[in-house]
Structure formats: structure tokens, C-alpha cells
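Me: Could you go through this model with me? I'll ask about whatever catches my eye, and we can jump between topics.

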Amino acid sequence: MELYKFPQLNFGSFDPVLSDSGQFPSLYQVAPKDTSLALGMVSLLTHFSWTWVGMIITEGQKGLQFLSNLKGEMDRNRVCVAFVKIISNTILSAVLYAQQHNFLTRETSPVNVIIIYYDSDSLNSINYNIEHLVTWRVWVTNSQWQADVSGKNFILGSFHGAVTFSHHREEISGFKNFIRTATPSKYPEDTYLALHWFNNFECSVSDSDCALMDCMPNASLAWLPANRFDPAMSEESYNVYNAVYAVAHALQEMLLQQVQMQKVGRGEQMAFSPWQLHPFLKNVHFKNPAGDHVKLDDRRKPDAQYDIVNLWNFPEGLRLKVKVGNFSPHAPQGQQLSLSEDLIEWAMGITKTPHSVCSESCSPGFRKTPQEGKPACCFGCTPCPENEITNDTGMCLAIELII
């Protein structure tokens, strides 16, 4: 991380560990901070009165930090944890896979809402461990997980109706046209594009130079269904886009400063060392062509705003991502979450807003009684004593008779 003090820009998800400028002085993170992700997800839970929730977290520093943040927010909002499952980064054997599958189907039976946090740096894909689960769950996920599943075929539409928190970003002008017109002949150095073309457009390969031949005429990536190619720009690609602009802005500022500080002779080229770019990268702040503000200094970087996206995957392969709301940590209290509930498609078999509680509310005349060894969301109901009634909190109150 400190190779000859060369500036390094990380386009992956934001990692709090890497923001230590003392330990990583040459590293810059382009992605926004995810410090409000837990708050956003719990706001969604409380909006729908989901108080009994499971968690699936990928193993690692970021996953454990998110788990801590999420539990804190859930405690403050009286939402209970039904279970926590940590997915190991180690490649799972068939035996371990079977145990995990049994755990999830057995232990989660009364839980209708499960939060998945997927760290894209994890070595093990979470998809292989949960894709065969029953379909009536509501999956609430982060954007890294959503990006990972974009091309996979899920059995029985397991993730139809999933709700994803994705970093808000404006659309980049010209990107759709770029995707529509990109071809292997236009970008011959891109071997991945050539392989994609071969796999999707009935091409053959020349014996002499391995060049593509006899492909479908006028083929375009825009033709492909979403389960083969997602035409939307991924978050990682958007971060790369901003990283390139950040370096360009920093170079421009450095060159302008050199011009002002010295007179350059005719034919003489300005030379600089990579480490000289650091002060300009630290102070870079600009609005990109899409209209979003970009800062590389972690201390000045704001918390992310989120688009809430609903995955429609029925029939299988549809892969339609529909924005159904947003969450802004900068909005006033009570106005941070905005949802269009009429747009939300729930999991297969669910025709109305799902329900996820450990114990149903007690009927009038009955009070809540805690159950030993169980969370506060799990309780029994016992009759109130004579001349007492139940209030909104499930407690019995004496009746005052006025004669």
C-alpha cells in the first residue's frame, strides 16, 4: 500500500481501516462512506414494523463493523435479532454447505425478513449458500451483494422482491450509447469484451490468429437480457470514472502551479515525481459531469445517500431493478426515508406487505409477559387482573370508576 509513495486510488467499497492516513498515506478511497447504511436499513424495518429480523454477514472486518452498527441501531429502535449467521471466507465443503443450508431453513422458519451484508472483498460468494432457500423471505441487502448476483441464475426466483440499498448517483451522459456501440473491433485490446462476444453472439474463431468470425451482424450488448449483461454502470465502474477525473483535476492543478512558479524554456518539458501529486489529490474537490461532488479526503467525504431498489426477477431472468425510494442521512429527523410502497414487488407468494414479528400483540385485556432467555420481542400474553385494562404498551392499568 506504500509502493514508492505512488498515489493509489481504491475504487472498491469504502473501508474504514484504509482511511488511516498515518498507516496508508498514499491511498485514496473514491467510494462514499457507508456509515449510515445501518441507520437506513433499520429505518426501513421500523417503517414496516418488522421487529423480528435475521442477519447473514460475510466474515471480515467490514462485515463485523456493520454487524455492530446494525445491532446498535436495532436496539435503539426495539428491533430484535432472530439469528446471526457469519458466512466464512473459506471455501465451503459439500458437508459444510449442507449444514449451513439446514441451519438457514430450520432456524429461520418464523423470520420473514433477513438482512444480508455482503463484503465484495470477501473470498467466498454468499450466493452459493442461500440461493436454494424458500422464496417467501424478504431480503434486505447492500449494493455490493446486488452487484455480485447480477449475472447468476437463481433457482425458483429466490431473490425476486429483494430490497437493495444502493449508493445514489446521477446518470452519466453518453454511457448508454457507449454500451450500445462497444464492439471487439472498436476495442481490440479488450479480451473480456471479445470473450463476451464469442459466448453470446454465435461467433467462431479463426485458426490462424484467433480472431472472431461470423458473429451475428450488427450485434450489440444492448440486445442481451439482463441476466447475461447488465447495461447499468456498476458502483465500482462509477468509482473508476470519478478516480480518473480526480487524477485529471489534480494533474491540472499541479501543472498550473508549476507554470506559475517557474518559466519554462522553449522545448523544455515539465517533469515531476508521482509523490508530488499527493497534496493536490488530498485537496481535490470537484463536480463531475454527472453533477455529483467528488472528494478524496476522508475527513471531508460526506455519508452516502442511498437509492432503495427493488429487484424484479419473475419470470426468471427479468433482472429489473426498480427504484422505490431513497434514504438521506442529511435530511431532518423523520424525513430521511422516502418510499413508494405501491411500486414494491414482494417475494413470490406474498400479495401484501409482509409481517415479521416474534410474538403477535396481545389482545385487549391481556398483558405482555417476558419469556425467560428470549429477546424482548418474544413474549407471552396473560389476562389482566380484575378491574384492569391493557394500554398501548401491553401493560395492565387499573380502571378508575366514577360514581
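What follows is a chat about the fold overall, one helix pair and a few single residues.

Me: Before anything else, what kind of model is this and what do the residue numbers refer to?
Reply: This is a predicted model, in which local features need pLDDT of at least 70 and side-chain atom pairs count only at pLDDT 80 or more, while totals for chains, interfaces and linings use all residues. Residues are numbered from 1 along each chain as its sequence is written, and side-chain values use heavy atoms, with hydrogens and water left out.

Me: OK, how many helices and strands are there in the protein chain?
Reply: The protein chain has 9 helices and 18 strands, where helices (H or I, at least four residues) and strands (E, at least two) are DSSP runs numbered from the N terminus.

Me: And how much of the chain is buried?
Reply: Of the 403 residues in the protein chain, 41% are buried, with buried meaning under 20% relative accessible area, exposed over 50%, and partly exposed in between (1.4 Å probe, protein chains only). The chain exposes about 22,700 Å², of which carbon and sulfur atoms supply 55%; these areas come from the Shrake-Rupley method with a 1.4 Å probe, and for residues only the protein chains shown count as cover.

Me: What share of the contacts is between residues 24 or more positions apart?
Reply: Among contacts in the protein chain with a separation of 6 or more, such pairs account for 61%, a contact being heavy atoms within 4.5 Å.

Me: Switching to helix 1 and helix 2, at what angle do they cross?
Reply: The axes of helix 1 (residues 37-47) and helix 2 (residues 61-76) cross at roughly 40 degrees and come within 9 Å; axes here are lines fitted to C-alpha atoms, for helices over the stretch in contact, with angles running from 0 to 180 degrees between N-to-C directions. Helix 1 and helix 2 are therefore oblique to each other, given that angles under 35 degrees count as roughly parallel, over 145 as roughly antiparallel, 65 to 115 as roughly perpendicular and the rest as oblique.

Me: Which residues make that contact?
Reply: Helix 1 contributes Leu-37, Ala-38, Leu-39, Met-41 and Val-42, and helix 2 contributes Phe-66, Asn-69, Leu-70, Glu-73 and Met-74. By class, the contact has 8 nonpolar, 1 polar and 1 charged residues, counting Ala, Val, Leu, Ile, Met, Phe, Trp, Tyr, Cys and Pro as nonpolar, Asp, Glu, Lys and Arg as charged, and the others, Gly among them, as polar.

Me: Is Ser-68 in helix 2 buried or partly exposed?
Reply: Ser-68 lies in helix 2 and is partly exposed, with a relative accessible area of 46%. Its C-alpha atom is separated by 9.2 Å from that of Ala-38, 30 residues apart along the chain.

Me: What about Val-140, what does it touch?
Reply: Leaving out residues up to four places away in sequence, Val-140 touches Met-41, Leu-44, Val-113, Ile-114, Ile-115, Ile-116, Val-163 and Phe-165. Val-140 sits in strand 6 (residues 138-142) and is buried, with a relative accessible area of 0%.

Me: Where is Tyr-241, and which residues does it touch?
Reply: Tyr-241 is found in helix 8 (residues 235-261), where it is buried, with a relative accessible area of 19%. Not counting residues up to four places away in sequence, Tyr-241 touches Ile-172, Asn-288 and Pro-289.

Me: Last topic, what is phi of Lys-5?
Reply: Phi of Lys-5 is near 60 degrees, a positive value in a residue other than glycine. Most residues other than glycine have a negative phi. Lys-5 is in the segment before strand 1 (8-10) and is exposed, with a relative accessible area of 51%.
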